[in-house]
Every structure is written in C-alpha cells, then in structure tokens.
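Me: Got a minute to go through this one with me? I'd like to start with the strands and then hop around.
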Amino acid sequence: MALRILVLGGGGREHALVWKLQQSTLVDHIFVCPGNGGTHLSPKVSNVNVPNPNFQNLTQWAVSNDINLVVPGPEQPLVDGVESYFRKVGIPVFGPTALAARMEGSKAFSKAFMTRHAIPTAAFHVFISSQLDEAIEYVRTCDHKVVLKASGLASGKGVLIPETTEDAIAGLKEIMVARAFGAAGDEVVIEELLVGSEISVLAFSDGYTIVPLPAAQDHKRIGEGDTGLNTGGMGAYAPAPVATPAIMDRIVRETLKPTIDGMRREGYPFVGLLFTGFMLTDSGPKVLEYNVRFGDPETEALMLLLSEDTDLAAVVLACVERRLDSVAITTRPGSAVSVVLASSGYPGTFEKGKTITIGEVPPNVVAFHAGTVKEGDQVRTSGGRVIAVSAYAPSLQEALDHAYEGVEQVNFEGKVYRRDIGHRGLKAVAAAAFTAPGLTYAQAGVSVDAGNALVEAIKPHVRSTRRPGADAEIGGFGGIFDLKAAGYTDPLLVSGTDGVGTKLRIAVDAGIHNTVGIDLVAMSVNDLVVQGAEPLYFLDYYGCGKLDVGIAADVVKGIATGCQQAGCALIGGETAEMPGMYQLGDYDLAGFAVGAVERTRLLPQDGISPGDVLLGLPSTGLHSNGFSLVRAVLARAFSATTTAANPHSHLYSSPCPWDTTTTLGQALLTPTAIYAREILPAARAGLIKAMAHITGGGFVDNVPRALPKSLGARIDVGKWSLPPVFRWLMRAGEIAPSEMVRTFNCGVGMVLVVSRDEVGAVMQTLRDAGQKEVYTVGEVVASPGVEIVNAELWKE
C-alpha cells in the first residue's frame, strides 16, 4: 500500500519525523499541516495550509486527498480527540484515543493510574483549585520537599520546583489563585521531590507490545550549567549513559509493560508513541510523567540514531494495525545529539522575522527546522526555538563536535544556544573510564527499604493478634510461643501448612487483596481443628517479583483478621522479593499453623461405628478449592469478554450472575470460614469423635480421611440447599453432580462425626459457641467409600 501521510504540526519534532518517514519506500507522499520553512524540502513532502484547520475540516481535506495515515505531532490534538474524527472516516491515526491521551492531559489521572497498577512514582496528593488552604496545610506538614504540577496541559511549563515551604505556598497561590497556567491549574498535583538523574524514554506501542528506543537526556534550562528559566528543551542526546541495560530492563518490566497492559485492561489501549519521563532514584526508576507523543528535542536526536534499515513508516503502520511485533526496530551503535538554536529573549518575549542562512553542514548532521517560515526565497524565524542541529557519530564527543560544527553554519540575528549540551553524558562516560559502577541490591530489583516499610505497615495488624503465650511482636529472627502460658497440661503439638491456590489469580486480576489472607489462615487452622487442636500461632510466606507495600500490607491485614477469628497469634513470617521469579503484579502465599490439643482429646477418637451421625457446618462459599475449574467455567461462560488465560478485563468488576448485589470478583473472593471458635468447645467436651475439613477432593476424598479404613459414609445432599454459587457453576459449566461433590464443598465446609446419642448436645454446644446453622447430612456405614444420595435433586 502506497502511504499518503498527513503529519499534524510544524516544529522540529515534525521535521525530524518527516525526514525519517520520507526515506521509506512505502511512502508515496507526506503532507505537513501547517509545516515550517524546512519540512517541505524533500520532493516527497508538501506543506499544506488547511483553512480553519479544525478537526472536521482536517478530516474532510484528508478524505479529499486520499490520506491513509495520520501522524499528529503535538499533544493538544490528541488530548482533544483528533483520533476519533479520522477513525470515523476510516483513516488510522498513529496516536492514542482521547481516553488514552488523558495520561498526558491530566497528571491527576495518570498518577491515580500509576497507583492502581503499582507503577513506581513519587508520593503525591491532588487538590482542586478551591482547596488552597488544604494544599497549603499539606506542604506545611508533609515531611519532604515538593514539586507543584498543574494537572492539565501547560505547554511543558506547568511545573514549579520550590526551594522552601514559603516558595511552595507562593507557587500554590500562583497556580490556584492567580491561575498562571489557566485551566491547566484547575487541579494541582503536589509531588514528593525526587532526586537523581532524569531520562526520557520514547517507546512505540500497538496496545499489546511496547518497544522502547534508547533513553535520552534533554536540557530544559536556557542557560549553561542548567541555569535560568525552563524552556521546551535546548538540546538532547541519546543514548544516556546512566540508562544502563539493567536500568532499561527494569523500566520495561516495572513501568512500560504494566502501563500498556493496564491501559488495555481498563479499556483504553495505547497506540502510538509513549514518552515517559523517569527519575533514576537510589531505589530505582520512578515515573515523573507520561506524554502521549514524540518528545522535542529528543526526537531530532533519536531519528538519527535509528538504523538505516529501520523503516519508520513501516513501524508506524504496524502500530496502527496492532502488529508491532512483526517489524524490526534497531538503532545504530554510537550517539546522536541535538542542539537547539533559539531566538534572543526566549523563553520570554522575542522578535520574529529574522533571516536565516544555512551553509554546508558536515555529513551525518541535519538542521531540523522548528520556528521557521518560508517567505518568498527567504527563510525567517517565527518561533522561540528556531532550528535543532542534530548529529550522529560513533561516540558522544564526536557527535557533539559535529553538531557544533553544524551550529556554526546556521546563522540569524540573536541566535542563542547552549554550549554544554551532553555535559552529563560526557561526565558519565569519563567516570566510567576510571571506575566500574558497583551494583546494588536495589539495582538487582530488591528493595530493602520497601521490605522495611512493609514491616512497619503491618506491625499494628500483627499486634492485634496477641493472645496468652505470644506477644505478637515481629522483627526478630524467630517467633516465640509460651505453651505453658496457654494453660496446657499434657499437650500434643499439631502443625499444618497450606496455600490459597489459584484463588490468588482472581485476587490479583480483580485487584482485591484484603481477603486472601483470611483464606490462608483458614486453610491451615481448619486442618488443626479437625484433630481437636486449638490454633496457637501462625506464620506466613509472601513471595513476589517486586514488592508492592500497599498490596502486601492488605494481604497481611487479612492474615491478621484470620488469626483473630481463629484465636491464634501471628508471630512471624517471610517476605521474599525475587526479581524474575514472578510476573509483575503476581505474588504467592503459604501459611504455617501450629496448634495444641490435650493428649486425651486428640481426634479422631476410637469408637467410631456404623450409625454415627454426620453433621455439616455451612461453608461461606467456594472457600479456597476448585478455582482452576471455576476459572475454566468463567472462560466458557464469558468467552466473549474474557477467558481464564486473559485476565486483562473488567470481568471481575461486573455484576455477579448469582448475586447482583455484589461484583463477581467480590463474590468469588468471599473468604473461607474459620471454624475454630465454634467447634473447639464441643471437641474439648469429648462430644465429637472425628471431623473432616471439606477442601480439595470434596466429600469423596475428605470424609474417608476421618474414618477407620473399614468404614464409609452415606451423605444425603438433599438435607441442605445447594448455594447459588454452586448452582450457577454447575449450570454454566455443565458439571455433573458426581464431579461437584469430588471438587467443591457444595455448601458444607466441615463434617463432624458424633454419636447418635450426642447429637442434641453437640448441636446445642455449637449454637452456644455462635454456630447458627447445623445440618444433619448423613451417617457412618459399614462399607468403605462415600455414597452420595439425592444428587439428582441438584439438577432440578
């Protein structure tokens, strides 16, 4: 397909894009609207002046001129929704939808997105313009220096970095009262000031795949030594030496891939060029901001760094056709730089109309036009940033030398430029020549600081589980339990360990983490209870690839809640951050419980015989077993929107099909019942002969574990009503009753074996302990195995 491309914009960025695009054999012609004094210099390129160039008129012009691809340069058209106008007439746009463009259009939105998806960024708080007093109080009381950002678009200038609290208050008044940035300051983001090296990473994306270019560093200040006023950028170079391969790997794993996946999961996949600013802090790369288009002046350098066989037009086309993984994007070894030549007075007021002359620049040097206009046979200045002289060479120093040679060939009255572009990179190169940088644990992907922060965050939850025998303090090498203080005479210790299984997959995908900790405790302590043991203490294991303190704290809070329900102390645990072992955002859990029972009360007791009664205690739902089958049923029932293998959807936030008062995710994550407080009084009284915890394997596998090998059980499933969750699964998955009873608890989470003469006493003791419902579900029989009767009732 011969491409007829419309490029929107008229700066140095657009000239650099046109310069690379026109090299493609796929391109028939490029039209630049409005363009500048240099964009039209190739035979393949024309500047166009569309009268009243609103989106509707641009679309009509594009249709009339057989345009089949649009490449917007600036952010404003993207934020304003230009993509939808062209999409409606069948012309693809290399750029995001208006929904996706909010990542640049609203800093408040993008910061909230980063929080939802655990993307590393600075601590922040958002205030609307009417909350001046609250914002002032925040900067006065927060324990860190701050950065003030107008949430909306402010032409790259809506950021203030105050030195003192008084400066911060003055800056807030400037934004919120004086409205220095207009409507962009209707919301203000107050961020923690990050310290480190700043880099820019530009990455192509088709909504599924993301491919970053080498990191660049730009120079915002007008003056050498990074002094003076902020500008749109006075120069850039790439690759930035501080962005080592290890750093870039972390950026892709921790930020870029989660960003693209998160945007797709939330319903606004990103197509185009994602430009992310990072601060390389001691604890790793943190996002400063997102931009949804090519950066300027980074693009002028990066286009020269792309290899000759990297076809930019093919890459752009692959993105809009959602097949980015089908094209190659490679860069040349070496460095590329851009040096911006500005008008005198920029970034303040400046004169326009100065005549520009350009002599012969060296090979591998290109003078990209920015603020220029063609008037007759003359090219004149028309903006603050006039020309970006860009160069490529095998080394950064050579590239800079060539670029400054090119600068000498471009002349206009009042030419201003920085003579120290690349100074940070040159220092890094020089330092690397003498010292090999030492690796740190944080650079390897493990944050000791995050681990310490988690310990502090969970201490109050842990202390809430104190009981006789344990003070529930963590931080030592091991947990201690005083068995004597618990009041036992001749105890046996009983231990158990378990996990939560693939129920965790649903918790991660649904973003609900405060209940699986209860499940973790329940699965272990219920196994102690069936032996008559009182749960004494619990320890947990939390493994992840990257520790998210907020998520881990939610999980541990749930564990503490489970321990409170079980009456046991949380005396310790292990948090393992293991980069490369887990997918980003995933984690795993294991629990370890220890209980005690007086020797004479250990279950099962002798004397179980045919005719003994089986009592059932209701479950709270699925508990923590059978979730692989549950997810397969969901894949079948909701195949049009999601599958078990594709959790990136809104499935778990949709209404629950068997209980419309809640979401599907919340219903599935109802925590496992913990039976310790209700059952143990009857067990200590010697009223219970045996118990079975109905977990994986259902009735068929678990009830025989409580009985002598010569005996079995008859269970009448007509004695209780099959709960709605199981009815829905059975129907949606076309699951046979025989499969249900060997996979799920089917509404009964614990089975007690009692003498027929003690049934009344057991039921009364259970009720006195708070167990409201008890079912008589069957009896012990003389032959091994489990006979299920009345299962046909479930089909009705």
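Me: How many bridges join strand S28 to S34, and do they run parallel or antiparallel?
Reply: This is a predicted model, to say that up front. Four bridges join S28, residues 613–618, to S34, and the two run antiparallel. Leu614 sits opposite Gly778 of S34.

Me: Which other strand is joined to S34 by four bridges?
Reply: That would be S32, residues 712–716, again with four bridges and again antiparallel. Arg714 has Glu779 in S34 as its bridge partner.

Me: How many of the residues in S34 are buried?
Reply: Five of its seven, so S34 (775–781) is mostly covered, with buried taken as under 20% relative accessible area.

Me: Now the open sheet of five strands. What's the order?
Reply: S11-S14-S17-S22-S19, paired antiparallel.

Me: And which strands stand at the edges?
Reply: S11 (217–218) and S19 (365–369). Each has a single partner strand, so one side of each has no neighbour in the sheet.

Me: What joins S14 to S17?
Reply: Four bridges, with S14 covering residues 235–238 and S17 covering 335–342, and the two strands run antiparallel. Ala236 is placed opposite Ser338 of S17.

Me: Changing topic: how many disulfides does a search of the whole structure find?
Reply: Zero. Take Cys746: the nearest cysteine sulfur belongs to Cys656 and is 17 Å away. A disulfide needs the two sulfurs within 2.5 Å, so Cys746 is in none.

Me: Is Cys746 buried or exposed?
Reply: Buried, at 0% relative accessible area. Cys319 is buried as well, with a relative accessible area of 0%.

Me: OK, aromatics. How many pairs turn up?
Reply: A search of the whole structure gives 17 aromatic pairs. One of them is Tyr404 with Tyr417: ring centres 6.2 Å apart, planes at 40°, so the pair is tilted.

Me: Where do Tyr404 and Tyr417 sit in the chain?
Reply: Tyr404 is in helix H12 (396–408), while Tyr417 is in the loop between strand S23 (410–411) and helix H13 (423–434). They're 13 residues apart, and the pair links distant parts of the chain.

Me: Are those two tyrosines buried or exposed?
Reply: Tyr404 is buried, at 17% relative accessible area. Tyr417 is buried too, at 11%.

Me: What about Phe481 and Tyr537, what's the geometry there?
Reply: The centres of those rings are 5.4 Å apart and the planes are at 35°, so that pair is tilted. Phe481 lies in the loop between helix H14 (448–463) and strand S24 (491–498), and Tyr537 is in strand S25 (534–544), so the pair ties together parts 56 residues apart in sequence. Phe481 has 16% relative accessibility and counts as buried.

Me: Which residues do ring pairs link into a cluster?
Reply: Phe94, Phe204 and Phe294. Phe94 and Phe294 are also among the residues that line the second largest cavity.

Me: Oh nice. How many cavities of 30 Å³ or more are there?
Reply: Two, from a search of the whole structure. The second largest holds about 40 Å³ of space.

Me: What lines the second largest cavity?
Reply: Pro72, Leu78, Phe94, Gly95, Pro96, Leu273, Val292, Arg293 and Phe294. The lining divides into seven nonpolar residues, one polar and one charged.

Me: Switching to the backbone. Which residues does the cis peptide bond with omega near 5° connect?
Reply: That bond runs from Cys33 to Pro34. Pro34 falls in strand S2, residues 27–34. There's also a cis bond joining Tyr346 and Pro347, where omega is about 10°. Pro347 is in the loop between S17 and strand S18 (355–358).

Me: And what's the phi of Ala118?
Reply: About 55°, a positive value although Ala118 is not a glycine. Ala118 lies in the loop between helix H6 (107–116) and strand S5 (124–128), and is partly exposed at 28% relative accessible area.

Me: Last one: what about phi of Arg322?
Reply: Near 60°, so positive too, in a residue other than glycine. Arg322 is in the loop between helix H11 (312–320) and S17. At 46% relative accessibility, Arg322 counts as partly exposed.

Terms used
Residues numbered from 1 in each chain as written. Predicted model: local features only at pLDDT ≥ 70, side-chain atom pairs only at ≥ 80, totals over all residues. Heavy atoms only, no water. Buried < 20%, exposed > 50% of the residue type's maximum accessible area, 1.4 Å probe, protein only. 1 Å grid on protein atoms, 1.4 Å probe; cavity = no way out; pocket = protein on both sides within 12 Å on 5 of 7 lines; lining within 4 Å. Points joined across faces, edges and corners; volume = space filled by probe spheres on them. Nonpolar A, V, L, I, M, F, W, Y, C, P; charged D, E, K, R; others polar. Pairing = 2+ DSSP bridges. Phe/Tyr/Trp six-rings, centres within 6.5 Å; stacked < 30°, edge-to-face > 60°.
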